[in-house]
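Reader: I'd like a close look at one part of this protein, the aromatic contacts and what surrounds them. Could you walk me through it in one go?

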Amino acid sequence: MAFVGVLHQLSICLLSITVKAQTNHSNVISLGSSLSPSPDSTPWLSPSGLFAFGFYPQGDGFAVGILMLNQPETTVVWTPNRDDPPVSSKATLELTRKGQLLLRSEQGKAKSIASISSPASSAAMLDSGNFVLYDDDSRIIWESFDFPTDTILGGQNLTSGNYLVSSLSKSDHSSGRFQLSMQEDGNLVLYPVNSSFITEDSYWSSGTNGFVADLRLNQTGFLYFPGSTDFGGPWRHLLANGSSGENETGVLYRATVDSDGIFRLYSHSFSSNNSSSVVVKWSALDNGCQVKGFCGFNSFCELNGEEASCYCFPGFDFIDPRSKSLGCYQNFAEDNCREDAESGLMRYNITTPLENVSWINYPYSVLPLKKELCSKSCLDDCNCWAVSYTSDNCRKYKLPLRYARRSQNITAMAFFKVILGSIDAPNHLPPGQGNSEVVVKSRNAPILILALSLGSLACLFFVFAVSSFVVYKHRARRYKRLSDLNLGLAEDFTLQSFSYEELERATNGFGEEIGKGSFGAVYKGTLSGGDKTIAVKRLEKVVEEGIREFRAEMTTIGRTHHRNLVQLLGFCIEGSKKLLVYEFLSNGSLADLLFKAVLRPSWKERVRFILDVARGVLYLHEECGVHIIHCNLKPQNILLDDTWTAKISDFGFARLLLPNPSKISMRIDGAMGYFAPEWQKNALISVKADVYSFGIVLLETVCCRRNLEVNVSSPDEIILSTWVYNCFMAGALEKLVEDDEDFDTMTLERMVKVGLWCIQDDPALRPLMKNVILMLEGAMDIAVPPPPELPLARS
């Protein structure tokens, strides 16, 4: 407690010193002052000369920023408009006579550095590293400390909802690949910039959920989250202590998200002879391989000593060998696998195992296989390009692979499918060390080659005939064993088979009904032991259509594994009694939360729900072993687990997707607003029918209301899609979320435009789900959508 008290007194003393420094006008910058990149132009210096505001070299030109001077290497601590292209040597930085801070290009085009509501009267570069603008009463009306880029300095805060973004490299200070977010829940979290900013994308967190969402760095090197004096002092949670505890005159501190994605605390010590030293006082992570996204798609990170390096997986080459962190591309063209299988051709091979490697993708198939069969199963599977094997567990993956790393602590090994004839040598070796050609220099070479070819061909035919016979006999025996089971579920080995008595006991005689689907009720239950809560779907209508639903769910859901799909755990078949066993999700449906809850979910939660559902639908359409059309997507079939992750349920209308869209005849009862127009027209049904349903769910989630609502203030608002389109064209999207205070205008516009494209009458106009996700995440431009057709007009 005494230590905390001393720190408290010291902070008060330093605060008073800081206040005096803030009003120190010894280096006042008056109106009409200007700078240029010319060597003859002196930057705007702080009183001590430790900081300067001016131009610094970047790329083939110059950028503007605040620099810490007398450093071993250029240390830029703040850059305005950091993603603008460099300016020429004839550009100028001006504090105009009208009180505006402007960067003027060689062509005379002006760009504002500071957005202010009233003109400034003067400016100053302070010894804290803060550049400020003053009004006539010497009050600060703008300061760079309020707009951090990749760094905070002593005396600077990172407040709730703000973030730091790393620089692209040590020499390029435009926005880089990593972001440190000060979340509203009190957690300080590191993410790759090109991610969805969800838990699975984060790679470091302060673990301060529930604390004051305000990161502070004081002048003595304490990096902390503040609290009230009720907690015994001003440091409720100390993240890092950079202080040496000695006389620290001439020491400055900064906390930076470096270009490698690691958040570090630095101390800069200055001596009287203008020299300095830099020491890393604290680091959030030990090495770059702990950073998700340090290496790009289809590459893995591995430590060489203390240095993290990126390598391509077998069958891949670097996109740019000079910038290996960008990832790798497949170095061969993908042939038509299915046609090859039908013709008996074999174009691919499986590499030798790459040990101790893992990635975070979700597998589209998980099978209990031995190592040899695991690699072979990928070779025989046209969807598979990589497998991860550990302890008789075979996980199959599509590309691209992301966030991969290699370490002795990882027990999994990986196999990769490559084009036949590829050399399984590490492709990060210098050219010439991997593969070498053999040249035959004999006059008898053509005869020798012909003889060897004919002999090899004869052997090959013999081996093929024998292996075909063996494979035939093996498959015949396997088919007979499966036929004896009378299930028709050749691939669902991981599902558990329950007896009817077990499930009756688990549900206490089917006593607690928690929902009702198209073909039966759902009951809550507990497996023996009491540690696993389940949901049991009991099919009550044992007719042809009900049996078909049961088999569809068994053969499709049993093969799916994704965080945004409800997991099927097992089944029961006893005569006419047919039941499915699912994981139990504790927080009900999205429909309950949107339409019935007293408190509507926050804007950020709704955006997360939409992305969760989009990823689940994408998995069904393109990423699972057998492509699936859900056919019944609506908020009632989207459930929420205990972490409020949205998961798609109820595959009662699911159908396997054939190579061409198939005409599916099925009864449409209820929830007509979610069905695409082609259902009413008895037209071909494709994945675009799900896209339409997703668009309705998206708009309902954004607006927290049903697609058709009678109790509205105006007739124009009855049909949600029409109201949304009218608000969009009128530039009045805020009407859709008028009860939300924290919504992001750009995200709202993106969501609305995507939703309107998804609900177009013409299926050809609706985007595929992979493009939907790219548009939702801001990675793809979105054109202005045409107006949706009224439901009444279709009939």
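Author:

**Aromatic pairs and their surroundings**

Let's start wide: of the contacts in the protein chain that join residues at least 6 apart in sequence, 56% link residues at least 24 apart. Bear in mind that this is a predicted model. The chain has 795 residues, and 48% of them are buried. Its secondary structure adds up to 14 helices and 46 strands.

Now for the rings. Searching the whole structure turns up 19 aromatic pairs. One of them is Trp204 with Trp282, an edge-to-face pair with 6.1 Å from centre to centre and 65° between the planes. Trp204 belongs to strand S18 (residues 204-205) and Trp282 to strand S24 (residues 276-283), so this pair ties together parts that sit 78 residues apart in sequence. Trp204 has a relative accessibility of 13%, so it counts as buried. Trp282 is buried as well, with a relative accessible area of 18%; the cut-off for that label is under 20%.

Next up are Tyr348 and Trp385. Their ring centres are 5.4 Å apart and their planes meet at 90°, so this pair is edge-to-face. Tyr348 is in strand S29 (residues 348-350), while Trp385 is in the loop between helix H3 (371-379) and strand S33 (386-390), so the pair ties together parts 37 residues apart in sequence. Tyr348 is buried, at 6% relative accessible area, and Trp385 is buried too, at 9% relative accessibility. Tyr348 has another partner: Lys417 lies over the face of its ring, 5.5 Å from the ring centre.

Right beside Lys417 in sequence comes Phe416, and it's worth a stop. Phe416 is part of strand S36 (residues 413-419), and with a relative accessibility of 1% it counts as buried. What does Phe416 touch, once its neighbours within four places in sequence are left aside? Its contacts are Phe313, Pro314, Asn349, Ile350, Thr351, Leu354, Trp359, Trp385, Ala386 and Leu401. So Trp385, which pairs with Tyr348, is also in contact with Phe416. Then there's Ser375: 41 residues away from Phe416 in sequence, with 8.2 Å between the two C-alpha atoms.

Elsewhere, the rings gather in a group: Trp44, Phe53, Trp78, Phe131, Trp142 and Phe147 make up one aromatic cluster. There's also a charge over a ring at Phe510, where the charged end of Arg538 sits 4.4 Å from the ring centre.

Helix H11 (residues 720-729) brings in some more aromatic side chains. Seven of its 10 residues are buried, so the helix is largely enclosed by the rest of the structure. Those seven are Leu720, Ser721, Trp723, Val724, Tyr725, Cys727 and Phe728. What do the buried residues of H11 pack against? They pack against helix H10 (687-703) and helix H12 (745-758). Just after H11, Gly731 takes a positive phi of about 65°.

Finally, the outside. Ile319, Leu326 and Tyr329 form a nonpolar patch on the surface, together showing about 300 Å² of accessible area. Ile319 lies in the loop between strand S27 (316-318) and strand S28 (328-330). For the protein chain as a whole, the exposed area is about 39600 Å², with 53% of it supplied by carbon and sulfur atoms.

Conventions:
Residues are numbered from 1 along each chain as its sequence is written. This is a predicted model: local features need pLDDT of at least 70, side-chain atom pairs count only at pLDDT 80 or more; totals for chains, interfaces and linings use all residues. Side-chain values use heavy atoms; hydrogens and water are left out. Rings of Phe, Tyr and Trp (its six-membered ring) pair if their centres lie within 6.5 Å; planes under 30 degrees apart count as stacked, over 60 as edge-to-face and the rest as tilted. Helices (H or I, at least four residues) and strands (E, at least two) are DSSP runs, numbered from the N terminus. Buried means under 20% relative accessible area, exposed over 50%, partly exposed in between (1.4 Å probe, protein chains only). A charge sits over a ring if NZ of Lys or CZ of Arg is within 6 Å of the ring centre and within 35 degrees of the ring normal. Patches are made of residues with over 30% relative accessible area and no salt bridge: like charges are joined within 9 Å, nonpolar side chains (Val, Leu, Ile, Met, Phe, Trp, Tyr) within 5 Å. Accessible areas come from the Shrake-Rupley method with a 1.4 Å probe; for residues, only the protein chains shown count as cover. A salt bridge is a side-chain nitrogen of Lys or Arg within 4 Å of a carboxyl oxygen of Asp or Glu. Contact means heavy atoms within 4.5 Å.
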